[in-house]
Amino acid sequence: MSIRIQPFDGRSVCLFCGSSDRSDPAYTEAARAFGAATAAAGWRLVYGGGGVGLMGASARAAHAAGGRVLGVMPGFLRSRERLFDEVETIVVTSMHERKTIMYDQSDAFVVAPGGVGTLEEVIEVLSWKRLDLHAKPVIFLNINGFWDSLLAVLEHSIAEQMTPASFREAWCVVDTVEAAVAAMQAADDMPHLKHDQR
C-alpha cells in the first residue's frame with residue numbers, strides 16, 4: 001500500500017518526545033511552546049501522531065498557531081496514543097515504517113523529554129549520523145537537565161575510546177525552546193539533505 005503525504009515546500013522538524021500525561025508539567029509546557037514556535041518559524045512539525053502527552057501538546061499548539069503538522073502513527077498504537085486526526089496523519093503498519101517516514105520527511109531533529117521510545121529514536125538517528133548516513137541537525141531540548149544522564153553516557157563512550165571525540169559535533173544541547181528554534185534556523189541553509197544516504 002502506497003503512502004500519500006501532502007507536498008510541503010518548506011523545512012520540517014521532527015520532534016521526538018514522550019506520550020506520558022504524568023510527567024513534569026514543565027516538559028508539557030515546553031512541548032506546547034515548541035509547537036507554537038515551530039509554526040511561527042514557518043517549519044512543518046513532524047511527530048509520532050499521538051494526541052496525548054508531550055506529542056499531543058506540541059501538535060495541538062502547532063496546529064492552533066496555523067502551522068503544518070504531519071503525524072505518523074502505527075495502527076496498533078491508535079488506541080494507546082489516541083490519534084490526533086485534526087492534522088495530516090498517516091497510519092502505518094510498523095514502528096520501523098513510522099521512523100523511516102519521520103526521518104525522511106524531516107530536515108532536523110529535536111529531542112524533548114521522553115521515555116524509552118524517544119531514547120530509541122534519538123540513538124538510532126545519532127547512530128546513522130555516526131555512520132555518515134545523514135548530516136541533519138540533532139538538537140537535545142534539555143529541559144531541567146532531563147538528558148544529562150544520556151549525555152554523560154555518550155561522553156563516557158568517548159572517554160573509553162569507543163566513539164571518536166569528533167562525534168560530539170553530531171548533536172547540540174539547548175535548554176530553552178527559543179534556543180532550539182534558533183539552532184534549527186542556524187542550520188536552515190546547510191545542504192544536509194544532499195548528504196542523506198540511507
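**View 1. Strand β3 and its two faces.** From β3, V69, G71 and M73 point one way while L70, V72 and P74 point the other way, and all are buried, where buried means under 20% relative accessible area, exposed over 50% and partly exposed in between, with a 1.4 Å probe and protein chains only. The strand spans residues 69-74 and is mostly covered, with 6 of its 6 residues buried; strands (E, at least two residues) and helices (H or I, at least four) are DSSP runs numbered from the N terminus. In a regular strand the side chains alternate between the two faces of the sheet. This is a predicted model, in which local features need pLDDT of at least 70 and side-chain atom pairs count only at pLDDT 80 or more, whereas totals for chains, interfaces and linings use all residues. Residues are numbered from 1 along each chain as its sequence is written, and side-chain values use heavy atoms, with hydrogens and water left out.

**View 2. The strands paired with β3.** β2 and β3 pair in the parallel sense over 3 bridges, pairing being assigned if DSSP finds at least two bridges between two strands, and L70 in β3 is the bridge partner of V46. β3 and β4 also run parallel, joined by 5 bridges, and here the bridge partner of L70 is E88. Strand β4 (residues 88-92) has a covered face formed by E88, I90 and V92, and an uncovered one with T89 and V91.

**View 3. Helix α1 against helix α7.** The axes of α1 (residues 25-40) and α7 (residues 177-186) come within 9 Å and cross at roughly 40°, the axes being lines fitted to C-alpha atoms over the stretch in contact, with angles running from 0 to 180 degrees between N-to-C directions. A30, A33, F34 and A37 in α1 meet V177, A180, V181 and M184 in α7, contact meaning heavy atoms within 4.5 Å.

**View 4. The largest nonpolar core.** This core has 30 residues, and those with the most contacts inside it are V13, F34, V110 and L141; such a core is a set of buried Ala, Val, Leu, Ile, Met, Phe, Trp, Tyr and Cys residues joined through side-chain atoms within 4.5 Å. The elements that give two or more residues to it include β1 (12-16), α1, β5 (108-111) and α7. Leaving aside neighbours within four places in sequence, L141 is in contact with residues including V110, W147, V177 and A180.

**View 5. T28 in helix α1.** T28 is found in helix α1 and counts as buried because its relative accessibility is 17%. Apart from neighbours within four places in sequence, T28 is in contact with S23, L54 and A57.
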